[in-house]
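Here is a short report on one protein chain. Keep the sequence and the 3D view open while reading.

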Amino acid sequence: MDKYFNISKVFAKVKEKKRIVFTVWAITAVLSAIWIFPQPRYYTAHVSLAPEMGEAKEGGGLSSIASSFGINIGGISSMDAIYPQLYPELFKSTEFMVGLMSIKVRTEDGKLNTDYYTYLTKHQKSNPLTAPFKAAAKGVKQMFSSEEESIQGNISAANLNPFRLSKKDMSLIEEVQKKITCVYNKKNDVITISVEDQNPYICAVLADSVTAHLQDFIVEYRTRKAKVDYEYYKKMTAESKHAYEKARQLYASYADANQDVTLKSFKAIEDDLENEMQLKYNMYSAMITRLETALAKVQENTPAFTVLNNSTVPTLPAGPKRVRFVLGMLIFVTFMMVFWFSKDEFRLLFRNSENKGE
């Protein structure tokens, strides 16, 4: 008996069983093609943008050079809680993903024009071969699920509540998180947003819309405090204006009614009213200045995004790789047949290994 694994014997056994090999190859190729070719194709679109970075507190040029190589030496710190490195984490946020559901999508011919939620729930293609399995799995889940777990999903994006989602809607959100991804490149501070979809035109439209949604989200975050201040000073300015106009009318009425009066007491009241009017005017003028400053602050805090690579309608599908799948299955069954035909050789190899170990 041979003590070592004999490859020539393996090839000889495979050659001896070549009729079985060709038959298995043919069956595998046919079954793989039947399974993979009905799978709907999908496309991928990409958008690259460079976000405005937060102001550096300290560190100077050394920290900037280190950050370009993906090294953080603690010299650069952003004033923002959400800085570019955390943008990919936003795409894992349920609240952010729910906001994407109201994005409008349409086909190139205009026959379909709806929101993303409706598009995902009612206009997605699927492999017809998997339909019976999905129906059976759904029936089993409904049989063993509680009444609370069997709550159906919403019928529109407007009804989605990120605080309380049904199991169906949560599964949809998780599916979207796989379709829409964001990657941050530490070396050049570039954000790349990738969108996967079955329709190439909708895929490109979604990539642009998701980018715009991200920009709006960051702009809203960066300007939230400034907008609150602006609204506060806007309210104070209106109240100051009203108080000034009221004081001015009171002073004007008193002055007109007592033009010919020379008594000191009347003059004193007139001076008090004039001083009160001037005080109200100074307050009103100060509020106008603060209002203009707050408005300028909103503009100052609004970040700029430079789009480096716009989305384009993909011309070639990203998957599924049908030929690769069939070849992969053929290679898999080949290895399985080789192992089965040569199981005695493998058993001998393992036995010899155990004997050497002892």
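The report goes from the whole chain to selected local features.

## The chain as a whole

This is a predicted model. The chain holds twelve helices and six strands. It has 358 residues, and 29% of them count as buried. The exposed area comes to about 23800 Å². Carbon and sulfur atoms supply 58% of that area. Among contacts with a separation of 6 or more, 75% join residues 24 or more positions apart.

## An aromatic cluster

The whole structure contains seven aromatic pairs. One of them joins Phe91 and Phe96. Their ring centres lie 4.9 Å apart, with 55° between the planes, and the pair is tilted. Both partners are out of reach of the probe for the most part: Phe91 is buried at 4% relative accessibility, and Phe96 is buried at 1%.

Phe96 also pairs with Phe217. Here the centres are 5.4 Å apart. The planes meet at 85°, so this pair is edge-to-face; the cut-off for that class is over 60 degrees. The Phe96–Phe217 pair links distant parts of the chain. Phe96 sits in helix 5 (residues 94-100), Phe217 in helix 9 (residues 200-257), and 121 residues separate them. Phe217 is partly exposed, at 25% relative accessibility. Phe91, Phe96 and Phe217 together make one aromatic cluster.

## Strand 4 and its hairpin

Strand 4 covers residues 180-185, and its side chains alternate. Ile180, Cys182 and Tyr184 point to one face and are buried. Thr181, Val183 and Asn185 point to the other face and are not buried.

Which way does strand 4 run relative to strand 5? The two strands are antiparallel, joined by six bridges. Strand 5 spans residues 190-197. Within this pairing, Tyr184 has Ile191 of strand 5 as its bridge partner. Four residues lie between the strands of the hairpin. Asp189 in this hairpin takes a positive phi near 55°.

Tyr184 also has a neighbour from elsewhere in the sequence. Its C-alpha atom is 8.3 Å from that of Leu86, although the two residues are 98 apart along the chain. Leu86 lies in the loop between helix 3 (60-68) and helix 4 (87-90). Leu86 is partly exposed, at 30% relative accessible area, whereas Tyr184 is buried.

## A nonpolar surface patch

Six residues make up a nonpolar patch on the surface: Ile27, Val30, Leu31, Ile34, Trp35 and Leu129. Together they offer about 540 Å² of accessible area. Leu129 belongs to the loop between helix 6 (116-122) and helix 7 (131-144). At 34% relative accessibility, Leu129 is partly exposed. Patch residues need over 30%, so Leu129 at 34% passes that cut-off.

## Salt bridges

Side chains of opposite charge can pair when their charged atoms come close. This chain has five salt bridges. The table gives three of them, with the N to O distance for each.

| Salt bridge | N to O distance |
|---|---|
| Lys92 and Glu89 | 3.6 Å |
| Lys225 and Asp229 | 2.9 Å |
| Glu276 and Lys280 | 3.7 Å |

Take Lys92 and Glu89 to begin with. Lys92 is exposed, at 58% relative accessibility. Glu89 is partly exposed, at 43%.

How are Lys225 and Asp229 placed in helix 9? They are four residues apart, so about one helical turn separates them. Lys225 is exposed, with 56% relative accessible area. Asp229 is partly exposed, with 27%. Helix 9 thus appears twice in this report, since Phe217 of the aromatic cluster lies there too.

Glu276 and Lys280 both lie in helix 10 (residues 264-301). Their spacing is four residues, about one turn of the helix. Both are partly exposed: Glu276 has 35% relative accessible area, and Lys280 has 29%.

Methods: Residues are numbered from 1 along each chain as its sequence is written. This is a predicted model: local features need pLDDT of at least 70, side-chain atom pairs count only at pLDDT 80 or more; totals for chains, interfaces and linings use all residues. Side-chain values use heavy atoms; hydrogens and water are left out. Rings of Phe, Tyr and Trp (its six-membered ring) pair if their centres lie within 6.5 Å; planes under 30 degrees apart count as stacked, over 60 as edge-to-face and the rest as tilted. Buried means under 20% relative accessible area, exposed over 50%, partly exposed in between (1.4 Å probe, protein chains only). Contact means heavy atoms within 4.5 Å. Accessible areas come from the Shrake-Rupley method with a 1.4 Å probe; for residues, only the protein chains shown count as cover. Two strands pair if DSSP finds at least two bridges between them. Patches are made of residues with over 30% relative accessible area and no salt bridge: like charges are joined within 9 Å, nonpolar side chains (Val, Leu, Ile, Met, Phe, Trp, Tyr) within 5 Å. A salt bridge is a side-chain nitrogen of Lys or Arg within 4 Å of a carboxyl oxygen of Asp or Glu.
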